2 protein chains.
Amino acid sequence: MRLHRLKRLFVGTPLPTAQQRHERLGKATALAVFASDALSSVAYATEEILLVLVLAGTVALSYSLPIAIAIAILIAIVVSSYRQTIRAYPQGGGAYIVSKDNLGTNAGLVAGAALLIDYVLTVAVSVAAGVAALTSAVPFLFRYRVPLCVLAVVGVAVANLRGLRESGQLVAAPTYLFIGSLSVLLVYGGAGALFNFIPEAPYQHHPPGLHGVGLFLILRAFSSGCTALTGVEAVSDGVPAFKPPEAQNARIVLTWLGAILITLFLGITVLAYDFGLVPRADETVVSQLARHVFGGGVFYYVIQAGTMLILLLAANTSFADFPRLSFFLARDRFIPRQFATQGDRLVFSNGIVILGGVATVLLIVFRGDTHALIPLYAVGVFLSFTLSQASMVRRWWRLREEGWWWRSWLNGLGAVVTGFVMLTIAATKFTDGAWIVVLLIPTLVAAFVVIHRHYEEVAQQLSLEGFEPPPPITNTVLVLVGDIHRGVVKAIQYAQTLSPNAKAVFVEIDPERTRRLEEKWGKWGMGVPLIVLSSPYRSLLGPLLEYIDNLQKDPHRMVTIVLPEFIPARWWQLGLHNQTALLIKGAMLFRKNVIVTDVPYHLTH
Amino acid sequence: MRLHRLKRLFVGTPLPTAQQRHERLGKATALAVFASDALSSVAYATEEILLVLVLAGTVALSYSLPIAIAIAILIAIVVSSYRQTIRAYPQGGGAYIVSKDNLGTNAGLVAGAALLIDYVLTVAVSVAAGVAALTSAVPFLFRYRVPLCVLAVVGVAVANLRGLRESGQLVAAPTYLFIGSLSVLLVYGGAGALFNFIPEAPYQHHPPGLHGVGLFLILRAFSSGCTALTGVEAVSDGVPAFKPPEAQNARIVLTWLGAILITLFLGITVLAYDFGLVPRADETVVSQLARHVFGGGVFYYVIQAGTMLILLLAANTSFADFPRLSFFLARDRFIPRQFATQGDRLVFSNGIVILGGVATVLLIVFRGDTHALIPLYAVGVFLSFTLSQASMVRRWWRLREEGWWWRSWLNGLGAVVTGFVMLTIAATKFTDGAWIVVLLIPTLVAAFVVIHRHYEEVAQQLSLEGFEPPPPITNTVLVLVGDIHRGVVKAIQYAQTLSPNAKAVFVEIDPERTRRLEEKWGKWGMGVPLIVLSSPYRSLLGPLLEYIDNLQKDPHRMVTIVLPEFIPARWWQLGLHNQTALLIKGAMLFRKNVIVTDVPYHLTH
């Protein structure tokens, strides 16, 4: 009961089913809602490129420009490709559903596994980067970054357990604050660099490490930068949330999103290079850039606040996406069915709790370090991109709608390019952590398959198809007594309501106790016969099991064991009583046709 | 079932009650049985004195001689005092029973708490010192001392769970090996020192630390040496095990024990000083002494083996003492009654498991370091000495038997001296760890009192004294259904054997499912009426509880909820099914007159 009250305090009072809301979003609000995940990645993508290049020394940083341009082209391809998905799946086309529809169940499961991992990492990476934005601005918090990360995850999870809806107004503010403040930074900083009223940063020499500039290093830097694409698919998942005409509005918003993403990402990369910024462990590149351009004034803090907020918002989107995908997987019987149950606040609580828990563990294990988490991140994302685009190709070929020829070419280009990128990421980041994901995806798929098979077998075993109504059964009711007191009297009385032929069974360990019990039985046994079983080994269970075995030689006989049990008034008193009931229930759990019934006697203090 | 087989493998097959053995011991065997605990402490007592004195530099080590003489006198006083206890309590006079008898329940509980702590520490200290004897002889094992300690505790605990009896022959060998080999060491070493055929050890200068030689340091060294007295009380606890005349034989054995103890302890202390030995972290003083005298030959290893064996034997005695004291405390209802139940090997398994578990934790926390454990040890021992002797004084005054006057003086001297020593130990070792025991003893006593009160209240609440046979009750049987399948059909059938008026209850969350269920109900409901409860908040429990509340407006009506539940064939499948049964049982646990009955349906794979 106390636990119950604690839950209410954090989670709130239950909501009736009729309160399900269906908010429809205008284009500007929709951009704010769906952009946070994708745009927030510009807070770390540039830095991740530089962190790889700097291994080959300060000189290698110049490669960031061509790499960023390649990634911008990749964004344009993926966005064009997903515009087609929106047209084809106006009811929402997540990679799991689209792949399952077009490439079959197994492809769907691979996409599902990749996405579940992706959502967990979105939370972990976004929170780590959001906390990094905070600790860049307030350096003394740097040593508390792990607890701050955990606090952020718990906060977002609790808000979602309460049934927080992404209301337009709430989300619009930080997203537009982020877009606006970064635009000012880029325009002012760009002008400063062009007209030389902002000087370069003092030259920070970074000696080359073990790495020279080779193809592998450049591919690794490119792989790191590809995190900029994470979240681009969000619009295509959420088409039904748009105001009509849904698909058309969604396509427009996705195009905007692509354009803004490319602008911000390229702008930050160019300026960071131009001002000669070098990545540092305790301050993000975006923070360095803002500090360099604005000199640490109020506007600097506005940018850091905007960055932190949009990253927390990005984490928050996973708390809607993960439980929704879990629901689909549970509905199709690939994961435990508990994920398909809505809690009393109309949210899929189990999904939220699991997501928050796993993300917290990741943040603790990786010490809240964005850079350490990144190698795990992009493999899953690009795998789902690839499957999703490949599914579209298959779909155009199957349906042959108008323009299917060039459309399948466009999606095919997307599939091939993202597929190559995925392989590049898996190869160049393998030893840094990508191997975890490469192993985890097939493991998850195998688990999905095993679970699915179990559910199908259970359904078959329970099916009434061809089932003959079973023959009538008899039921022998036994009260197990160890003593005679008020609790036992109540249990005998209860047994009598179940069957007029109820019997009491006593296992004799000490003959003296048997004698005392038999003395009192006349008065308190209420006419129920007492059967005494002897136990030379002091075991309660042995003689009882033997007796039951004897009864059950008749296969249509059920045996009901009535156990008097007292329930103490306080939890710590539970340990003070013999846990006989538990022992007997455990022993009977796998016996057919034996039912154990506790008759509780409630102690008052 | 698999767990069961594992238990049998380690613990053995059950023994019938008739196999209880009562071995009576002759004097020589009794000395071996009861001496191990007391004599084994000479393996570390001298070292503990030196470890304190060396803080004031090598020069201060000379104080070890007067300190050892003071402790020898203390031993003589305590032994004389306990000889009286034997006379007065020929049935066995442990401090708990003697204190409870003469000073009242509270004093008994204080003694009981002190003794429980004492037994745990006997195991921890003896095992740590035994492993130190081993690692002194085989230095490369030093780094594995913690796992070795854990292994030793587990080994002794398992042997005791199997019902190992301290058979005379088994115990006599290592005890007499220890006494014999140490005697040879002392005689040969003493002669060597006297006639100068064994040289002094090379002078090891140890600079004074922060401590000068002051009263406090000397008292601390004395306190450390008092661990030599631990275990002296064992003979008086075990008088009934002696051959008749029991009390007289026990008194003789106790006197022998005292004499041997004083001889070995003084001898080691004098020789260690004479040869100029200084305590070291990685080799015990006894090992250094033996190595010095015998130069590391075969006889050195005999001494180390004897030392290790007697220390393990000392640990083993606690595995008989702790469960026996627990039995007394549980019988008197001061600790959970589970401690009063004999397991199927005729031993008090719960006491053995708890003792082994706590000792293991201590050994891990204190890194298997004897010296770190010692400050916790002697407080409890001397508290029980004091209470035991004070009880005897009280007893002589009460009974005024022959010679009561001088006898009460002798016990009074013992009580005062051991009381002073206890306060000295508590004060000088307080910050080193004695504070733990000083806090723990009153905490345990408070727990005893609370538990006792609970049991008394339960007995009163369950008592049939003045209890009127309750009025007849009615029982409404409800089958809770969420669907219709073979498991539900079985549950309905079972409910019908309990009551001809059984009803089925369905909580409606989705009206579509209600319709489907009602369609099938005609064929499979077997005439049981179906009641549909609507649930606007999707809660299963809310509407059910409301319905039951309504039924229970009649206070003599019990409600039985029959729950169809399937039992998967494998444990991991348990997580794949809604734990509805658990939820409902939890909610009903504290409701009066509601009984929840699972009807298991066993899945085959």
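**Notebook: two chains and one helix**

Entry 1. I superposed chain A on chain B and obtained a rotation of 178 degrees with 0.1 Å of shift along its axis, at an RMSD of 0.4 Å. The two copies are therefore related as by a two-fold rotation axis. I then looked for the C-alpha of chain A nearest this axis and found that of Leu498(A), 2.3 Å from it. I note that the model is a predicted one.

Entry 2. I turned to the contact between the chains. It takes 50 residues from chain A and 49 residues from chain B. On the side of chain A that touches chain B, I listed the elements that each supply at least two residues: α17 (434-462), α18 (486-498), β4 (557-567) and β5 (594-602). The largest share, seven residues, comes from α18(A). By residue class, I found that this side of chain A divides into 25 nonpolar, 19 polar and six charged residues. I also compared the two sides: 98% of the interface residues of chain A are interface residues in chain B as well, so the copies meet through the same surface.

Entry 3. I next examined helix α5 of chain B, residues 95-103. This helix is mostly covered, with seven of its nine residues buried. I recorded the buried residues as Ala95(B), Tyr96(B), Ile97(B), Val98(B), Ser99(B), Lys100(B) and Asn102(B). What do the buried residues of α5(B) pack against? I found α4 (64-88), α6 (105-137), α13 (298-331) and α15 (370-399), which belong to chain B.

Entry 4. Finally, I checked what follows α5(B) and found Gly104(B), whose phi is positive, near 100 degrees.

How values were computed. Residues are numbered from 1 along each chain as its sequence is written. Chains are lettered from A and ligands numbered from 1 in the order in which they are written. This is a predicted model: local features need pLDDT of at least 70, side-chain atom pairs count only at pLDDT 80 or more; totals for chains, interfaces and linings use all residues. Copies are superposed by least squares on the C-alpha atoms of residues with pLDDT of at least 70 in both. Two residues are in contact if their C-beta atoms, placed from the backbone, lie within 7 Å. Helices (H or I, at least four residues) and strands (E, at least two) are DSSP runs, numbered from the N terminus. Ala, Val, Leu, Ile, Met, Phe, Trp, Tyr, Cys and Pro count as nonpolar, Asp, Glu, Lys and Arg as charged, and the others, Gly among them, as polar. A residue is buried if 20 or more other C-beta atoms lie within 10 Å of its own, exposed if 12 or fewer, and partly exposed in between; C-beta atoms are placed from the backbone.
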